[in-house]
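Visitor: I would like to learn how to read a structure like this one, feature by feature. Where do we begin?

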Amino acid sequence: MGFRENLKDEMEYQGVTTKELAEKSGVSKRTIDHYLMTNPQEPGVYNAQKIAKALNVSVEFLVTGAEYKSPVAVTGERLEFLNSFEKLPADDRLLILSLIKKIQVKSR
């Protein structure tokens with residue numbers, strides 16, 4: 001299955017209409033209708049991301065029907081670190097990344 005089928009199935013599963021998806025995603029109803037046609041044009045990355053976010057699924061799921069599986073388990077300390085890191089202002093995140101790089105170089 002491709003984007004059209006996965007999008008159609010997900011919308012049906014969630015009970016979301018084209019109009020509702022357009023409002024939630026910011027992608028026009030006409031454009032979404034076009035993606036759902038029999039011979040659709042595939043969406044660009046930007047619209048695919050907006051639609052996936054509105055449906056709370058990954059772009060990979062809409063394209064392939066399979067969810068992304070991280071090769072590294074994100075639990076415990078890693079999850080706590082990522083959640084805390086995402087809440088920091090951009091400048092602080094850059095500072096932490098810089099510090100991590102310095103520690104890595106020092107550890108070699």
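Visitor: Is Lys-50 buried, partly exposed or exposed?

Guide: First, a caution: this is a predicted model. Now the reading. Relative accessible area under 20% is buried, and over 50% is exposed. Lys-50 has 24%, so Lys-50 is partly exposed. Lys-50 sits in helix α4.

Visitor: Which residues does Lys-50 touch, beyond its sequence neighbours?

Guide: Set aside residues up to four places away in sequence; Lys-50 then touches Ser-25, Gly-26 and Val-27. Take Ser-25. Lys-50 and Ser-25 are 25 residues apart along the chain, yet their C-alpha atoms are separated by 5.2 Å.

Visitor: And how far from Lys-19 is Asn-39 in space?

Guide: Those two are 20 residues apart in sequence and 20 Å apart in space, C-alpha to C-alpha. Asn-39 belongs to the loop between α3 and α4. Its relative accessible area is 69%, so Asn-39 is exposed.

Visitor: How do I check a helix? What span should α1 have?

Guide: Count 1.5 Å a residue, over one less than the number of residues. Helix α1 covers residues 3–14, which is 12 residues, so the expected span is 16 Å. Its end C-alpha atoms are 16 Å apart, in agreement.

Visitor: What happens just after α1?

Guide: Look at the backbone. Gly-15 follows, with a positive phi of about 70°.

Visitor: Which residue other than glycine has a positive phi?

Guide: Asn-56 is such a case, with phi near 60°. Asn-56 lies in the loop between α4 and α5. Its relative accessibility is 72%, so Asn-56 counts as exposed.

Visitor: Back to α1. Which of its residues are buried?

Guide: The buried ones are Phe-3, Arg-4, Asn-6, Leu-7, Glu-10 and Met-11. Note that Arg-4 and Glu-10 are among them.

Visitor: What covers those residues?

Guide: Ask which elements lie in contact. The cover includes α2 (18–25), α3 (29–35), α4 (45–55) and α5 (59–64).

Visitor: How should I read the largest nonpolar core? Which members touch the most others?

Guide: Read a core as a network of contacts. This one has 17 residues, and Phe-3, Leu-7, Leu-21, Ile-51, Leu-55 and Leu-62 touch the most other members. Helices α1, α2, α3, α4 and α5 each supply at least two residues of the core. The largest share, 5 residues, comes from α4.

Visitor: Pick one hub. What is Leu-62 in contact with?

Guide: Leave aside neighbours within four places in sequence. Leu-62 then contacts Gly-2, Phe-3, Asn-6 and Leu-7, along with Ala-48, Ile-51, Ala-52, Leu-55 and Val-57. Phe-3, Leu-7, Ile-51 and Leu-55 also appear among the core members that touch the most others.

Visitor: Where is Thr-18, and what does Thr-18 touch?

Guide: Thr-18 is in helix α2. At 15% relative accessibility, Thr-18 counts as buried. Residues up to four places away in sequence are not counted here; Thr-18 touches Met-11, Lys-29, Ile-32, Asp-33 and Leu-36.

Visitor: Now charges. How many salt bridges does the whole structure hold?

Guide: The general idea first. Side chains of opposite charge can pair when their charged atoms come close. A search here finds 2 salt bridges.

Visitor: Which residues form them?

Guide: One joins Lys-29 and Asp-33, at 2.8 Å from N to O. The other joins Arg-4 and Glu-5, with the closest N and O atoms 3.5 Å apart.

Visitor: Why are Lys-29 and Asp-33 about one helical turn apart?

Guide: Because they are 4 residues apart in helix α3. Lys-29 has 40% relative accessibility, so Lys-29 counts as partly exposed. Asp-33, at 29%, is partly exposed too.

Visitor: And is Glu-5 buried, partly exposed or exposed?

Guide: Glu-5 has a relative accessible area of 27%, so Glu-5 is partly exposed. Its partner Arg-4 is buried.

Visitor: Last feature. Which residues form the nonpolar patch on the surface?

Guide: Look for nonpolar side chains left accessible. Here they are Val-74, Leu-79, Phe-81, Leu-82, Leu-94, Leu-97 and Ile-100, with about 560 Å² of accessible area together. Helices α6 (76–87) and α7 (90–107) are the elements that give two or more residues to the patch.

Visitor: How exposed is Leu-94?

Guide: Leu-94 lies in helix α7. Its relative accessible area is 56%, so Leu-94 is exposed.

Key. Residues are numbered from 1 along each chain as its sequence is written. This is a predicted model: local features need pLDDT of at least 70, side-chain atom pairs count only at pLDDT 80 or more; totals for chains, interfaces and linings use all residues. Side-chain values use heavy atoms; hydrogens and water are left out. Buried means under 20% relative accessible area, exposed over 50%, partly exposed in between (1.4 Å probe, protein chains only). Contact means heavy atoms within 4.5 Å. Patches are made of residues with over 30% relative accessible area and no salt bridge: like charges are joined within 9 Å, nonpolar side chains (Val, Leu, Ile, Met, Phe, Trp, Tyr) within 5 Å. Accessible areas come from the Shrake-Rupley method with a 1.4 Å probe; for residues, only the protein chains shown count as cover. A salt bridge is a side-chain nitrogen of Lys or Arg within 4 Å of a carboxyl oxygen of Asp or Glu. A nonpolar core is a set of buried Ala, Val, Leu, Ile, Met, Phe, Trp, Tyr and Cys residues joined through side-chain atoms within 4.5 Å.
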